Each structure stands twice: as structure tokens, then as C-alpha cells.
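Open the model in your viewer and keep the selection panel at hand. The stops below go from one selection to the next.

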Amino acid sequence: MRYSYLLASNISFEGYNAGDIKTTFLKDNVAVGTSRADTISITISSVTQSAVLRYTITEKDAVKNVYGQEFKPVIGVKLDALVLLAGTPVPVGTISTNYYAKGAGLIQVDRETDTTRLKSYTIR
């Protein structure tokens, strides 16, 4: 089983800001449709609240073509944000869908307003 972690600072989405976070965004031994979540602290208008980052496996063993290069197997992971209001999760929206290829790592990030693609890489 392989886990992949994200360490990030100063994340913002829809007016919410998160400080430093460490989260497990990819577990490669779970089935399509499986979700997992991490609770983080966020701030909006100087008010700190709890939020949930929910990761859902959208596809596995896929083939993805990025700038003419074929990657396989690929795992797709959708990242949704939810704010906890009085203990009830309220969806904020989908932050991104990320695609990870064996031997290359993150190859594409689809967001509502843009897409980021891996142009080249070197494994050392």
C-alpha cells in the first residue's frame, strides 16, 4: 500500500484561507468511489472554523494522454471542500480533480477555471 501526502501553506479557496496543512490525498489500494476526509482549520473574515477536505477516487488503472505522452496506470482523485457549520458539513465546492501516474506522480490538475498539465519530468 502506498500513501501520498501533501504539505502546503497558505491555501485559499472561495474566500477561505488555510494555514499549514498535511493531508493524505492518495491511497492507491482503494476502489473507485472510495472517499476519505481530513479536517483542517480555515479562516474567513478573521473567523476560524473547521473544514473538511474530502478525497474521492474517481478512476483507477486509467490511461491519460498529456501533451502527446501516454501515462498508465493513472488514478483520478477529486478534492471537495466542505465547511462545518454547527457540526454539519456544508459543501463549498470542488477544488480540483488530480491525476497521478505510476512512475511520474501528478500529471494533471483540473480546476473549474483552468487545467495544469505536466510538460516534462525526470526521475532521479
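Select V52 and look across to β7: L82 stands opposite. This is a predicted model. Now show β6 and β7 in full. The two strands run antiparallel, and 12 bridges join them.

Follow the pair to its turn. β6 and β7 form a hairpin with two residues between them. Pick Y67 in that turn: its phi is positive, about 50°.

Next, add β5. It runs antiparallel to β6, with 10 bridges joining the two. Select I42 in the pair. Which residue of β6 is the bridge partner of I42? The partner is Q49. Then move to the hairpin of β5 and β6, where two residues lie between the strands. S45 takes a positive phi there, near 50°.

**Into the core**

Keep β5 (35-44), β6 (47-66) and β7 (69-85) on screen. Each of these elements gives two or more residues to the largest nonpolar core. That core has 12 residues in all. Select them in steps:

- L26, I40 and I42
- A51, L53, Y55 and I57
- I75, V77, L79 and V83
- Y100, which completes the set

I42 thus appears twice on this tour: as a member of the core and as the bridge partner of Q49.

Clear that selection and try V66, F71, V74 and Y99. They are among the nine residues of a second, separate core.

**Charged pairs**

How many salt bridges does the model hold? The count comes to five. Visit three stops.

Begin with R36 and D38. Their side chains meet in a salt bridge, 2.9 Å from N to O. Is D38 buried or exposed? D38 is buried, because its relative accessible area of 16% falls under the 20% cut-off. R36, at 22%, counts as partly exposed.

Go on to K78 and D80. The closest N and O atoms of this salt bridge are 3.7 Å apart. D80 is buried, at 7% relative accessible area. K78 is partly exposed, at 29%.

Then select D114 and R111. Their salt bridge spans 3.1 Å, N to O. D114 is partly exposed at 33% relative accessibility, and R111 is partly exposed with a relative accessible area of 33%. Now add R54 to the K78 and D80 selection. Salt bridges with shared partners join R54, K78 and D80 into one network.

**R117 and its contacts**

Select R117, in strand β10. R117 is partly exposed, with a relative accessible area of 40%. Show what touches it, leaving out residues up to four places away in sequence: V66, Y67, I107 and Q108 appear. Y67 is the turn residue with the positive phi, and V66 belongs to the second core. Draw a distance from R117 to Y67. The C-alpha atoms are separated by 8.0 Å, while the two residues are 50 apart along the chain.

**Colour by confidence**

Last, colour the model by pLDDT. The mean for the protein is 83, and 80% of its residues reach 70 or more. Where is confidence lowest, and where is it highest? Strand β1 (residues 3-8) is lowest, at a mean of 51. Strand β10 (residues 115-117) is highest, at 95. Where pLDDT is low, the predicted coordinates should not be read in detail.

Notes. Residues numbered from 1 in each chain as written. Heavy atoms only, no water. Core = buried A, V, L, I, M, F, W, Y, C linked by side-chain atoms within 4.5 Å. Buried < 20%, exposed > 50% of the residue type's maximum accessible area, 1.4 Å probe, protein only. Helix = DSSP H or I, 4+ residues; strand = E, 2+ residues; numbered from the N terminus. Salt bridge = Lys/Arg side-chain N within 4 Å of Asp/Glu carboxyl O. pLDDT = per-residue confidence, 0-100. Pairing = 2+ DSSP bridges. Contact = heavy atoms within 4.5 Å.
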